[in-house]
2 protein chains.
Amino acid sequence: MDHKTGACRAWELMTRFWLVQRGHLPAVAAEFDLSPVQVHVLYLLEPDRPVPMGRLAEALACDASNVTGLVDRLEARGLIERQPASFDRRVRVLALTPSGTRVRTQLQRRLSAPPKRFDRLSAAERQALARLLERLLD
Amino acid sequence: MDHKTGACRAWELMTRFWLVQRGHLPAVAAEFDLSPVQVHVLYLLEPDRPVPMGRLAEALACDASNVTGLVDRLEARGLIERQPASFDRRVRVLALTPSGTRVRTQLQRRLSAPPKRFDRLSAAERQALARLLERLLD
DNA sequence: TATTGTTATACTCTATAACTATA
DNA sequence: TATAGTTATAGAGTATAACAATA
């Protein structure tokens with residue numbers, strides 16, 4: 001019982017954290033003049049790692065038709081571009097433009113900046129947390 | 001330096017987790033025939049804890065005008081209801097209906113169910129994680 | 001005067017269904 | 001035949017500006 005309770009408590013807190021952060025995303029996105037989903041897309045597109053459009057739909061858990069418009073608007077802003085895929089002529093892969101790469105770098109820095117309440121944990125505790133999360137997230 | 005790196009690594013992983021979960025939300029919401037933001041609203045409305053509409057806008061980091069339509073649709077489905085606020089006649093507070101309370105309970109159970117990869121951590125590690133997260137989230 | 005919530009408007013996000021090109 | 005992506009369409013989510021009621 002303690003076993004199960006412990007697991008649930010930790011996961012419950014992870015869920016709470018996730019939903020609180022979800023509430024912060026619109027404001028963070030607005031700092032970059034982006035929408036929440038645009039932030040998510042940019043986050044998923046790592047530099048020099050083109051992603052097929054279908055893979056994006058999977059990661060966002062949305063319909064493929066939705067990705068078309070999403071990509072249209074990001075492409076119109078010059079942040080990403082469609083490229084043909086060498087392995088299959090039906091597939092279009094997405095790559096960051098130089099401009100998109102710069103925005104993504106700033107975004108990553110912004111998202112990775114720990115909030116001030118992180119000070120509550122000592123260096124050792126932070127490392128312990130990082131190790132636990134690493135094992136949890138692959 | 002180790003200090004700062006440790007903090008960033010842990011937070012970076014929290015951020016990664018958050019965005020991965022964000023990708024899962026549409027599918028979870030669909031299980032309940034809800035949209036992601038509707039799940040978020042229901043999660044924020046605890047039973048017997050009426051919330052002013054303006055507070056909801058804050059928590060979602062969205063404009064107040066947006067909350068009107070959001071609440072309209074949830075109210076039309078009989079999950080929540082607007083009530084007058086005793087302390088200020090301009091304010092409308094939101095409360096779960098009995099039906100909304102039931103849906104929220106199921107939702108909470110669904111969201112709190114730890115994924116199978118939680119097995120990677122021992123009971124002691126899960127407790128340690130829960131303790132660290134508790135201190136981090138207030 | 002300032003604030004809470006609504007309305008009108010416009011644009012983005014999203015899914016469904018039908019389509020094109022390729023496999 | 002099956003799959004990747006697009007188009008057309010409709011509805012939900014979102015912000016801005018103007019408004020009504022109340023503080």
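**Exercise 1. Determine how the residues of the surface near DNA strand D divide by class, and which residues come nearest to the strand.**

Step 1. The surface near DNA strand D divides into seven nonpolar, seven polar and eight charged residues. Here Ala, Val, Leu, Ile, Met, Phe, Trp, Tyr, Cys and Pro count as nonpolar, Asp, Glu, Lys and Arg as charged, and the others, Gly among them, as polar. The model is predicted: local features need pLDDT of at least 70, side-chain atom pairs count only at pLDDT 80 or more, and totals for chains, interfaces and linings use all residues. Residues are numbered from 1 along each chain as its sequence is written, chains are lettered from A and ligands numbered from 1 in the order in which they are written, and side-chain values use heavy atoms, with hydrogens and water left out.

Step 2. A residue is near a strand if one of its heavy atoms lies within 4 Å of it. Of the 22 residues around DNA strand D, A:Gly54, B:Ser35, B:Asp63, B:Ser65 and B:Arg73 come nearest.

Step 3. Sugar or phosphate holds 67% of the atoms of DNA strand D within 4 Å of the protein, and the bases hold the rest.

Step 4. Three phosphate approaches can be listed, each a polar contact (a pair of N or O atoms within 3.5 Å; within protein, one must be able to donate a hydrogen and the other to accept it, and residues adjacent in sequence count only if both atoms are side-chain atoms):
- a polar side-chain atom of B:Arg73, 2.3 Å from a phosphate oxygen of DNA strand D;
- a side-chain N or O atom of B:Ser35, at 2.6 Å from a phosphate oxygen;
- a backbone N or O atom of A:Gly54, at 2.6 Å from a phosphate oxygen.

Step 5. H4 of chain B provides the largest share of this surface, four residues. Helices are DSSP runs of H or I with at least four residues, strands are runs of E with at least two, and both are numbered from the N terminus.

**Exercise 2. Identify the elements that supply the surface near DNA strand C and the backbone atoms that approach its phosphate oxygens.**

Step 1. At least two residues each come from helix H2 (36–44) and helix H4 (64–76) of chain A, and from helix H3 (53–60) and helix H4 (64–76) of chain B. The largest share, four residues, belongs to H4(A).

Step 2. DNA strand C is surrounded by 22 residues, the closest being A:Ser35, A:Asp63, A:Ser65, A:Arg73 and B:Gly54. Of the atoms of DNA strand C that come within 4 Å of the protein, 67% are in sugar and phosphate.

Step 3. On the backbone side, a polar atom of B:Gly54 is 2.7 Å from a phosphate oxygen of DNA strand C, and a backbone N or O atom of B:Arg92 lies 3.0 Å from one. A side-chain N or O atom of A:Ser35 is 2.5 Å from a phosphate oxygen of this strand.

**Exercise 3. Describe the contact between chain A and chain B.**

Step 1. Chain A contributes 52 residues and chain B 51 residues to the contact (heavy atoms within 4.5 Å).

Step 2. The size of an interface is often given as the accessible area lost when the parts come together. Between chain A and chain B the buried area is about 5,800 Å², with 67% of it on carbon and sulfur atoms; such area is found with a 1.4 Å probe and summed over both parts.

Step 3. In chain A, the residues that lose the most area to chain B are A:Trp11, A:Trp18 and A:Arg22, together 14% of what that side buries.

**Exercise 4. Is A:Arg82 buried or exposed, and what does its side chain contact?**

Step 1. A:Arg82 is in strand E2 (residues 80–84) of chain A.

Step 2. A:Arg82 counts as buried because its relative accessible area is 18%; buried means under 20%, exposed over 50%, and partly exposed in between (1.4 Å probe, protein chains only).

Step 3. The side chain of A:Arg82 makes a polar contact of 2.9 Å with the side chain of A:Asp72. A polar atom of the A:Arg82 side chain also lies 3.4 Å from the backbone oxygen of A:Thr68.

**Exercise 5. Where is A:Asp33 found, and what is the sign of its phi?**

Step 1. A:Asp33 is in the loop between helix H1 (2–31) and H2 of chain A.

Step 2. Its phi is near 60°, a positive value in a residue other than glycine. A:Asp33 counts as exposed because its relative accessibility is 57%.

Note on methods. Buried area is the accessible area (1.4 Å probe) that two parts lose on being put together, summed over both.
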